[in-house]
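Reader: I've got a model open on my screen and I'd like to know how the labels on it are earned. Can you walk me through the reasoning?

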Amino acid sequence: VYDNENNILKIENIQKNASGVFQCIVYNEAGVVTQYKTVIIRDAQPAEVSHTTASTDDITVIGNDIHSIRGANFTMQCTGSGNPTPSDITIDVPDTTSSKVGSNLVKVNSEGKYIGNLLIDSVNEDYSGSYNCCSYNFVSGVKHEACVAISLAVEEEVTVTQNSEDNDYSLVLGNQVYGTTGYELAAQCKATGLPRPTINATRINNCGTVSTITKSNDIELVDHVIIEVKLSNTTGCITETFKCCGNNTIQGELLTECYDSITMSFVDQEKPNDVKVENMGNLADDDDTLVSTMESLQLNCSAKSFPESVFVWMYKDTDKSDSTFQTMNSIDFPTSVVKSKGFTYSTLSTNGLSEDYLSGENYEFQCTASNVFGEATAKKFIQITSSTANEVSSSVYLGVGVFLFVAALAAVFVMYIFFIISSGKKKKGDLGLMKWVVCKCCEPKPQPVEYDDTYNASLYTDKTYAVKKVDLYPDIKHMTFDDDEFDRSNTIVFNPASDFDDRMFTMNTAVFKDPDIV
């Protein structure tokens, strides 16, 4: 029906055969204008939704299921189609997923389709679940809605770890699990992964019993599978070694991981004994009861026992008559423990200088070591002093000082003789006060080359002579040669880094002005 008044062509009850090119002609006395329009008549189509996420290196898409590794970044996509084009598209996230994830939905209306892109960053277990994607359109005034459920599974490759723990009767050191003779011993390893892994234990001696424990962490949604080997030496087995292997399937591939072998054995019980407290401070070498106010208090308590000992430290101010032993807080007096088979060590220290935490002068420290079979105690008297490691008694220093002074004079004397001999002075007058000692050097003889522990010095001539390394007493810091005889000074430098009492001196290069002098 054509409306001449409004220039409108209205087609009622349109059919597909009405498809084609329509021409509109407009004219007046001045001319004619023609416009063409192609019209395609399609069947009405209610809205439909399909899952269109593409697989990547981090995710595998199988139908409406997505398998993603932990930490992956990807876009979940669904597409709505229909005739007419859908009016909207939505993706509802699981209840366990943060609402912020749903706000990352990007919608695109393109070429008769409505596309929803949900951006997911650093996927973790919270993202697991079912995502509902829906779209709709209207056909003949009736709303048609379609939805698809997309399942997201977050996967984690299986890992296997040692899961044994110390208790009153056992000790775990690395891959060694020690038990107390007469008591049951258990050792565990744990497999973790998504989906839930399986685990098995291979025993060498086939001793003991094996059981599997499945645990699920409700917070992290990480599945754990624990396998436990129990051993009792009453059955005749006193040792066992086993290896754990776990496996799960990640994106269709079976993965396996094994842990190093774990060895179980028994040790005779022993209550704590031979308990000792040692002062580890800088002044301990001079007096093991002294601790400087300018250093941290460091005490070490050791105990022989099995299983390992638990330590309790206490102290009291002995200058106060009413003082009693009191416990020490872990903030001001932190402790550390080192365990070994049959021995345990506990180190107590102050969290800073000793004067900041110990205002008195005389203290008594008590260390109590205990295990399930008994306990033992050791005590140590400590004096807090303002002296430092460099301030020992004056009498000791006086004796040391006299000794060093005499030794230094002797060293200078020996060095003077040595360098006169090595420089080959020709004239007795050049020898000064030492000419009566080294008179034979007036007519020096060629010196044989020593190959052990020597340096070679080249002179103006083509001759090469040996200069022997010399050890001097530490108090001699340096000495120089007369510039009248040498082109430049030869300095002997004390090496403070040496760990030996006879510390080394290093000689720099020096050249004789007279090439005939050796």
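Reader: Let's start with a single residue. Which strand does histidine 67 lie in?

Author: Histidine 67 sits in strand 7. Keep in mind as we go that this is a predicted model.

Reader: What makes histidine 67 partly exposed?

Author: Its relative accessible area is 22%. Buried means under 20% and exposed means over 50%, so with 22% histidine 67 lands in between and is called partly exposed.

Reader: And what does histidine 67 touch?

Author: Leaving out residues up to four places away in sequence, histidine 67 touches Asp58, Ile59, Thr60, Ile62, Ala153, Glu155 and Gln251. Glutamine 251 is 184 residues away along the chain, yet the C-alpha atoms of histidine 67 and glutamine 251 are separated by 6.1 Å.

Reader: Serine 68 is in strand 7 too. Why does serine 68 count as buried?

Author: The cut-off for buried is under 20%, and serine 68 has 0% relative accessibility, so it counts as buried. Its contacts, again not counting residues up to four places away in sequence, are Asp58, Ile59, Phe74, Val123, Leu152, Ala153, Val154 and Glu155.

Reader: Which side chains of strand 7 point to which face?

Author: Ile66 and Ser68 point to one face and are buried, while Asp65, His67 and Ile69 point to the other and are not. That fits the general pattern: in a regular strand, side chains alternate between the two faces of the sheet.

Reader: How do you know that strand 6 and strand 7 pair?

Author: Pairing takes at least two bridges, and four bridges join strand 6 to strand 7, so they count as paired; they run antiparallel. Isoleucine 59 stands opposite serine 68 there. The two strands form a hairpin with two residues between them, and glycine 63 in the turn has a positive phi of about 65°.

Reader: In what sense do strand 7 and strand 13 pair, parallel or antiparallel?

Author: Parallel, over five bridges. Aspartate 65 has serine 151 in strand 13 as its bridge partner.

Reader: Which residues touch the most other members of the largest nonpolar core?

Author: That core has 24 residues, and the ones touching the most other members are Ile66, Met76, Leu118, Ile120, Tyr131 and Leu152. Strands 6, 8, 9, 11, 12 and 13 each supply at least two residues of this core, and strand 13 gives the most, with five residues.

Reader: What is methionine 76 in contact with?

Author: Setting aside neighbours within four places in sequence, methionine 76 contacts Thr53, Ile66, Ile91, Gly116, Asn117, Leu118, Ile120, Tyr131, Ile150 and Leu152. Another core lies apart from the largest one, with 22 residues, among them Val275, Tyr363, Ala369 and Ala378.

Reader: Why do strand 5 and strand 10 stand at the edges of their sheet?

Author: The sheet is open, with four strands in the order 5-8-11-10 and antiparallel pairing. Strand 5 and strand 10 each have a single partner strand, so one side of each is left without a neighbour in the sheet. From one strand to the next, the twist averages 15°. Strand 5 and strand 8 pair over five bridges, with valine 49 opposite glycine 80.

Reader: Why is the pair of tyrosine 169 and tyrosine 183 called stacked?

Author: Ring centres within 6.5 Å make a pair, and planes under 30 degrees apart count as stacked. These rings are 4.1 Å apart centre to centre with 20° between the planes, so the pair meets both cut-offs. Tyrosine 169 is in the loop between strand 13 and strand 14, and tyrosine 183 in the loop between strand 15 and strand 16, so the pair ties together parts that are 14 residues apart in sequence. Both tyrosines are partly exposed: tyrosine 169 at 28%, tyrosine 183 at 32%.

Reader: Which residues form an aromatic cluster?

Author: Tyr315, Phe333, Tyr357, Tyr363 and Phe365 form one.

Reader: Last one: how many bridges pair strand 30 with strand 31?

Author: There are 10 bridges, in the antiparallel sense. One of the partnerships is glutamate 364 with phenylalanine 381 in strand 31. Strand 30 and strand 31 form a hairpin with two residues between them. Strand 31 is also joined to strand 24 by three bridges, and those two run parallel.

Methods: Residues are numbered from 1 along each chain as its sequence is written. This is a predicted model: local features need pLDDT of at least 70, side-chain atom pairs count only at pLDDT 80 or more; totals for chains, interfaces and linings use all residues. Side-chain values use heavy atoms; hydrogens and water are left out. A nonpolar core is a set of buried Ala, Val, Leu, Ile, Met, Phe, Trp, Tyr and Cys residues joined through side-chain atoms within 4.5 Å. Buried means under 20% relative accessible area, exposed over 50%, partly exposed in between (1.4 Å probe, protein chains only). Contact means heavy atoms within 4.5 Å. Axes are lines fitted to C-alpha atoms, for helices over the stretch in contact, and angles run from 0 to 180 degrees between N-to-C directions. Rings of Phe, Tyr and Trp (its six-membered ring) pair if their centres lie within 6.5 Å; planes under 30 degrees apart count as stacked, over 60 as edge-to-face and the rest as tilted.
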